Amino acid sequence: MADRRSPQISSRKQPRQARSTDLVATILEAALQVLAAEGAARFTTARVAERAGVSVGSLYQYFPNKAAILFRLQSDEWRRTSDLLRAILEDRGMPPLDRLRALVHAFIRSECEEAAMRVALSDAAPLYRDAPEAGEAKASGAGIVDTFLREALPQASDAVRAMAGDLIKTTLSAVGKEFSETPRTEAEIVAYSDALADMVCAYLRDLAKD
């Protein structure tokens with residue numbers, strides 16, 4: 001049986017100087033442009049290097065292959081989502097249900113604003129999804145909702161909180177993806193986010209009564 005190895009998707013080296021940091025930023029911006037214009041199927045390191053105005057050799061100093069570039073774009077997107085979750089759910093200046101409502105609105109808006117790029121990254125996922133780094137990056141924000149639910153549902157059991165967290169995360173992800181696949185107006189985004197927030201908050205409110 002053939003040995004099926006995961007692709008190398010970690011960066012070869014991390015930029016340490018401003019010039020190197022700028023080069024990596026230029027490469028990643030070019031990669032976004034190539035992905036948007038060509039899609040995952042026609043995405044190549046040569047096209048990225050050409051768009052960035054650098055040699056392929058310079059690109060390979062930081063990214064060993066196209067999977068590494070695409071994974072970096074995806075992990076950056078996951079990080080932005082985690083930062084969004086954390087900034088809202090850890091804001092103790094708002095009651096828990098207000099935070100949850102704000103989260104729903106911010107998440108749905110983010111899904112709509114970045115829909116095209118998310119579809120392209122989803123198409124590219126087979127190139128890196130089996131690599132261990134992918135699982136680690138995606139799981140990095142998993143504990144944010146769990147921490148929030150311990151505050152919002154202090155009397156609930158661990159099993160109930162785990163179920164609630166899984167339901168909320170799965171619902172937001174699935175509904176956000178489905179809704180954002182069609183171009184939406186500002187009024188549609190607000191109305192849909194309000195309705196979804198009503199549902200999620202009602203669910204959490206019922207759990208708090210038990």
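**Contacts along the chain**

I started with contacts (heavy atoms within 4.5 Å). Among those between residues at least 6 apart in sequence, 72% join residues at least 24 apart. I note that this is a predicted model, where local features need pLDDT of at least 70, side-chain atom pairs count only at pLDDT 80 or more, and totals for chains, interfaces and linings use all residues. My numbering runs from 1 along each chain as its sequence is written, and side-chain values use heavy atoms, with hydrogens and water left out.

**Overall build**

I listed the secondary structure next, taking helices (H or I, at least four residues) and strands (E, at least two) as DSSP runs numbered from the N terminus. I got ten helices and zero strands, so the pattern along the sequence reads α-α-α-α-α-α-α-α-α-α.

For burial I used relative accessible area: buried is under 20%, exposed is over 50%, and partly exposed is in between, with a 1.4 Å probe and protein chains only. Buried residues come to 38% of the 210 in the chain. The exposed surface is about 11900 Å², and carbon and sulfur atoms supply 52% of that. Those areas come from the Shrake-Rupley method with a 1.4 Å probe; for residues, only the protein chains shown count as cover.

**Arg99 and Glu151**

Is Arg99 buried or exposed? I looked up this helix H5 residue and found 1% relative accessibility, which makes Arg99 buried. Arg99 touches Ile88, Leu89, Asp91, Arg92, Met94, Phe148 and Glu151, leaving out residues up to four places away in sequence. I also checked Arg99 against Cys201: they are 102 residues apart in sequence, and their C-alpha atoms are 9.9 Å apart.

I then followed the contact to Glu151, in helix H8 (residues 142-152). Glu151 is partly exposed at 27%. With residues up to four places away not counted, Glu151 touches Arg92, Pro96 and Arg99. Pro96 is 55 residues from Glu151 along the chain, with 7.8 Å between their C-alpha atoms.

**Leu100**

I moved on to Leu100, also placed in helix H5 (residues 96-113). Leu100 has a relative accessible area of 2%, so I logged it as buried. Outside the residues up to four places away in sequence, Leu100 touches Phe148, Val200, Cys201 and Leu204. Phe148 also turned up in my Arg99 list. Ile88 is twelve residues from Leu100 along the chain, and their C-alpha atoms are separated by 7.9 Å.

**Thr45**

I looked at Thr45 in helix H2 (residues 45-52). Its relative accessible area is 12%, which counts as buried. What does Thr45 touch, not counting residues up to four places away in sequence? I found Leu59, Tyr60, Asn65, Lys66 and Ile69.

**Aromatic pair**

I searched the whole structure for aromatic pairs, meaning rings of Phe, Tyr and Trp (its six-membered ring) with centres within 6.5 Å; planes under 30 degrees apart count as stacked, over 60 as edge-to-face and the rest as tilted. The search finds one pair. Why does the pair of Phe179 and Tyr192 count as stacked? Their ring centres are 4.0 Å apart and their planes are at 15 degrees, so stacked it is. Phe179 sits in helix H9 (residues 158-180) and Tyr192 in helix H10 (residues 186-209), so the pair ties together parts that are 13 residues apart in sequence. Phe179 is buried at 4%, whereas Tyr192 is partly exposed at 34%.

**Second largest pocket**

I finished with the second largest pocket, which holds about 160 Å³ of space. A pocket here is an open set of points on a 1 Å grid over the protein atoms alone, where a 1.4 Å probe fits, with protein on both sides within 12 Å along at least five of seven lines; lining residues have an atom within 4 Å of a point. Grid points are joined across faces, edges and corners, and the volume is the space filled by probe spheres set on them.

Which elements give two or more residues to the lining? They are helix H1 (18-38), helix H4 (66-89) and helix H6 (115-124). H4 gives the most, with four residues. The lining divides into five nonpolar (Ala, Val, Leu, Ile, Met, Phe, Trp, Tyr, Cys and Pro), six charged (Asp, Glu, Lys and Arg) and no polar residues (the others, Gly among them).

Met117 is one of the lining residues, so I looked up its place, which is in helix H6. Aside from neighbours within four places in sequence, Met117 is in contact with Leu32, Leu35 and Ala36. Leu32 is also among the lining residues. Gly39 is 78 residues from Met117 along the chain, and their C-alpha atoms are separated by 9.2 Å.
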